[in-house]
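Welcome! Have the model open beside you as you read, and try finding each residue as it comes up.

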Amino acid sequence: MEENTHENRKYVICMVAIVIVTIYIIRLFTLQLMSDDYKKNADSNAFLKKVDFPSRGVITDRNGELLVYNQPSYDIMVVMNEVRNGNIDTLELCSTLGITREYFDERMESIKNVRGYSRFTQQMFMNQLSDHDFSIFHEKMYRFPGFYVQKRSIRQYEHQFAPHVLGDIAEASPSDIEADEYYQPGDYIGKQGVERSYERQLRGEKGVQILLRDAHGRIKGRYKDGELDRKPVPGKNLKLAIDYRLQELAERLLEGKLGSIVALEPSTGEVLCMASSPGYDPRLMVGRQRSETHRELSRDPMKPLYNRSIMGRYPPGSTFKTTQALTFLTEGIITPQTAYPCHHGFVFKGLRVGCHGHGSPLPLVPAISTSCNGYFCWGLYNMIGNRQKYPTVQDAINRWRDYMVSMGFGYQLGIDLPGENRGMIPNATFYDNRYHSSWNGLTIISISIGQGEVGATPLQIANLGATIANRGWFVTPHVVKEVEGEDLDTLYTTRRKTLAAQWAYEEVAKGMRSAALGGTCKALAHYDFEPCGKTGTAQNKGHDHSVFMGFAPKDSAKIAVAVYVENGGWGATYGVPIGGLIMEQYLKGELSEASEKKANDLQNKHINYGTEER
């Protein structure tokens, strides 16, 4: 019995020994083959991998005017493993960099909590030092083992215009780093505008230098004479479709007002200017002041960071009557000769939609010219109630909706800028839910004049002008004209045709030309480039919004414009004169003396925005 016990103990001891040896083998296998911690540690003692950041692509306007370029910047990087093993004079370091010991301790601790942190690689300690601060630090850098200088570039803006189009760059967030392995903590990324939407083209590709170090950590030169180094690839340059001088004028005309001006080249969809007011000076969003500047702007009740041109959803007002005319003509609800009465508005079955005084009854062209509310209310009422053409009221409104969507409303157009609003075009489901399936043409009559549930961005209104100028098609609006070495996305080169007939567009263009000669846009009559226009006075909780949509010349148009001034009153008060100046500047290359005086007057006319109107 005792002999069996000894025999069993022998087997147990053997098994324990085998298990221990197996554990050591697995651990050694893991450390040497499955984990790179020791390799990193060894490499960090012998090599320093220094990232070479590429220069970001520059941005110019359509005529080659420089808008955004790069200037040198210096970041302080730290390799935590070297600091931990080294002996540095922390107080001297803080004094050299102009920081407190508390900031130093907090920063060193926060670095360890960054996603993707490694104690063997360079981490961002302090960014964007000035030339002066860099010079002071560089002289003493040998005293601070583990701290290095990383040269890169930051953006600089040549002018104070177009902040919403250009955008800016800032340090990549944890979500940016998680979404794209290109970025490491401390890297910069486009945050707004084309800097964001064309980030991949602008950023380029990083390079790397592998440097040899001795046993004391001192740099001894390049590993294998730089054979394994990789040079950075510069970012691609962008040429914008924006006309710098037109953009400057647009922002000048919006001073002291809330609103937007958008101008397009109808044949290409290129955005000639896109101004949103209030704006801000993009040069304030550079360097270490960016965070504080962004915080202040985000707290401003007038929302200067908000790009009203593509984010604002407004009632389009009477500019929308052109879409109704196109729909009614193509669907056979009216002909150009159809005349409807207007007894100071649309009056029927106890419902009244007011209108200003003009002749009555009117056919289509003068109805557009005088912006007759009654005409377009009757047109919609007759379309929604036509049971011969549309079996149900739902069928009628959905057909109407299809026309609006084909003209670029109700969905994002797809502009190459982040944050575009889709606007609002109601359909049968929307009204069934709101009115429990009990509704008719009278219930929704206000949409015929661009009020009610209809909402559009200034970009969509400008695109409507471009579509009418083209007599039935448009190209998706885009702010970038050329990307160095690349073709534009086919989205920005393909014609998008609407459901309305070309002959219907000819009639609407006649009406808009008539408006410019003697109708609601008669302030344009003196121009010799055949402008066409349509005013809008969009109802609002406070004062009405002043709206204008137009293009010029009437045939083979070179520019389409939308002007939207919040609480500006009649469309003819601000919309028409501003629209005329924008067209003149682009088509003539400059303003006449009289127009320059008018521009100064408009620039100095500020609107008092009280809390009641907001």
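Lys236 has a relative accessibility of 29%, and because buried means under 20% and exposed over 50%, this residue counts as partly exposed. Keep in mind that you are looking at a predicted model. Lys236 makes a good starting point, as it takes part in a salt bridge with Glu486.

**Salt bridges**
- Side chains of opposite charge can pair when their charged atoms come close.
- In the whole structure, a search finds 30 salt bridges.
- In the pair of Glu486 and Lys236, the closest N and O atoms are 2.8 Å apart.
- These two partners are 250 residues apart: Glu486 sits in the loop between β16 and β17, and Lys236 in the loop between β9 and β10.
- Like its partner, Glu486 is partly exposed, at 33% relative accessibility.
- Lys481 and Glu270 also form a salt bridge, at 3.1 Å from N to O.
- Lys481 belongs to strand β16 and Glu270 to strand β12, so this pair ties together parts 211 residues apart in sequence.
- Here Lys481 is partly exposed at 24%, whereas Glu270 is buried at 7%.
- Arg56, Arg155, Glu195 and Glu199 are linked in a salt-bridge network.

**Nonpolar cores**
- The largest nonpolar core has 101 residues, and Trp400 is one of those with the most contacts inside it.
- Another core, of 35 residues, lies apart from it and includes Cys521 and Leu581.

**A buried serine**
- Ser318 lies in the loop between α13 and α14 and is buried, at 9% relative accessibility.
- Its side chain makes a polar contact of 3.3 Å with that of Ser371.
- Ser318 also touches other residues, including Asn373, Ile449 and Lys534.

Key: Residues are numbered from 1 along each chain as its sequence is written. This is a predicted model: local features need pLDDT of at least 70, side-chain atom pairs count only at pLDDT 80 or more; totals for chains, interfaces and linings use all residues. Side-chain values use heavy atoms; hydrogens and water are left out. A nonpolar core is a set of buried Ala, Val, Leu, Ile, Met, Phe, Trp, Tyr and Cys residues joined through side-chain atoms within 4.5 Å. Buried means under 20% relative accessible area, exposed over 50%, partly exposed in between (1.4 Å probe, protein chains only). Helices (H or I, at least four residues) and strands (E, at least two) are DSSP runs, numbered from the N terminus. A polar contact is a pair of N or O atoms within 3.5 Å; within protein, one must be able to donate a hydrogen and the other to accept it, and residues adjacent in sequence count only if both atoms are side-chain atoms. Contact means heavy atoms within 4.5 Å. A salt bridge is a side-chain nitrogen of Lys or Arg within 4 Å of a carboxyl oxygen of Asp or Glu. Lists of a residue's contacts leave out its neighbours within four places in sequence.
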